[in-house]
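Got the viewer open? Let's take a short walk through this one, stop by stop.

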Amino acid sequence: MLDQTDKNLLSALQNDAQLTAQQLGEQLNLSTSQAGRRRQRLEAEGYIQNYAAKIDPIRVGLTVQAFVQVQLSTHGPNQSTSINRLFSLRPEITSVWTLTGDADYLLRVYCEDLSALNRLIHEVLLPHEAVSRVQSQIVMDQLKRDAPLPT
């Protein structure tokens, strides 16, 4: 069970994962050692899964962000394994969700340009034996970046 100090620590780290134990202690009114122990406990218990840098996609040449819905023609274990393997091998597919409703999967995709997105859809996704339909929505603007989880 998390207490309010744990929640505040998680919130602080979501905003800046590079905070030192000393900085966390100052923000949370804890000693450096208490802040460090709490952080280690939250890491060990799986509340903190990893630390990563957020990269600006435009600055690294990924000018097209899209959400792609994929509907399967069949739903057996072999098809699921095969399509999941395909998703994991494609670096431009950065997130995958399974869904209820018409689409079976929702993919978040970053591509260099529209031609690259077109190739992904027409040369990779649609030819897959398990895929019956692909629908894409191109992101015009992202009004809110991936925000920290509420704590």
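Before you select anything, a word on axes: they are lines fitted to C-alpha atoms, for helices over the stretch in contact, and angles run from 0 to 180 degrees between N-to-C directions. Helices (H or I, at least four residues) and strands (E, at least two) are DSSP runs, numbered from the N terminus. Bear in mind that this is a predicted model, where local features need pLDDT of at least 70 and side-chain atom pairs count only at pLDDT 80 or more, while totals for chains, interfaces and linings use all residues. Residues are numbered from 1 along each chain as its sequence is written, and side-chain values use heavy atoms, with hydrogens and water left out.

**Stop one: α1 and α2**

Two packed helices are described by the angle between their axes and the distance between the axes. Start by selecting α1 and helix α2 (residues 21-28): their axes come within 10 Å and cross at roughly 125°. That makes α1 oblique to α2; angles under 35 degrees count as roughly parallel, over 145 as roughly antiparallel, 65 to 115 as roughly perpendicular and the rest as oblique. The crossing of α1 and α2 is right-handed, the term for a near helix turned clockwise from the far one by less than a right angle, with anticlockwise giving left-handed.

Now show side chains. Which residues of α1 meet α2? On the α1 side they are Thr5, Asn8, Leu9, Ala12 and Leu13, and on the α2 side Leu24, Gln27 and Leu28, where contact means heavy atoms within 4.5 Å. By class, this contact of α1 with α2 has five nonpolar residues, three polar and no charged. Here Ala, Val, Leu, Ile, Met, Phe, Trp, Tyr, Cys and Pro count as nonpolar, Asp, Glu, Lys and Arg as charged, and the others, Gly among them, as polar.

**Stop two: bring in α3**

Add residues 32-44, which are helix α3, and keep residues 4-15, helix α1, in view: the two axes come within 11 Å and cross at roughly 80°. So α1 is roughly perpendicular to α3. From α1, pick out Thr5, Asp6, Leu9, Leu10 and Leu13; they meet Ala35, Arg38, Arg39, Arg41 and Leu42 in α3. Colour this contact of α1 with α3 by class and you get five nonpolar, one polar and four charged residues.

Next, hide α1 and look at α2 against α3, whose axes come within 7 Å and cross at roughly 105°. These two, α2 and α3, are therefore roughly perpendicular to each other as well. Ala21, Gln22, Leu24 and Gly25 in α2 meet Thr32, Ala35, Gly36 and Arg39 in α3. The contact of α2 with α3 has three nonpolar, four polar and one charged residues.

**Stop three: the loop at alanine 17**

Click on alanine 17, in the loop between α1 and α2. Is alanine 17 buried or partly exposed? Its relative accessible area is 29%, so alanine 17 is partly exposed; buried means under 20%, exposed over 50%, and partly exposed in between (1.4 Å probe, protein chains only). Leaving aside neighbours within four places in sequence, alanine 17 is in contact with Arg39 and Tyr51. Try a distance to alanine 53, too: it is 36 residues from alanine 17 in sequence and 8.7 Å away in space, C-alpha to C-alpha.

**Stop four: a pair of rings**

Select phenylalanine 87 in helix α4 (residues 77-89) and tyrosine 105 in strand β3 (residues 105-111), 18 residues apart. Their ring centres are 5.1 Å apart and their planes stand at 75°, so the pair is edge-to-face. Rings of Phe, Tyr and Trp (its six-membered ring) pair if their centres lie within 6.5 Å, with planes under 30 degrees apart counted as stacked, over 60 as edge-to-face and the rest as tilted. By that rule the count comes to one aromatic pair. Phenylalanine 87 is buried at 4% relative accessible area, and tyrosine 105 is buried at 6%.

**Last stops: serine 82 and threonine 98**

Stay in helix α4 for serine 82, which counts as buried at 15% relative accessibility. Not counting residues up to four places away in sequence, serine 82 touches His128 and Glu129.

Finish at threonine 98 in strand β2 (residues 93-98). With a relative accessible area of 63%, threonine 98 is exposed. Beyond its neighbours within four places in sequence, threonine 98 is in contact with Asp104 and Tyr105.
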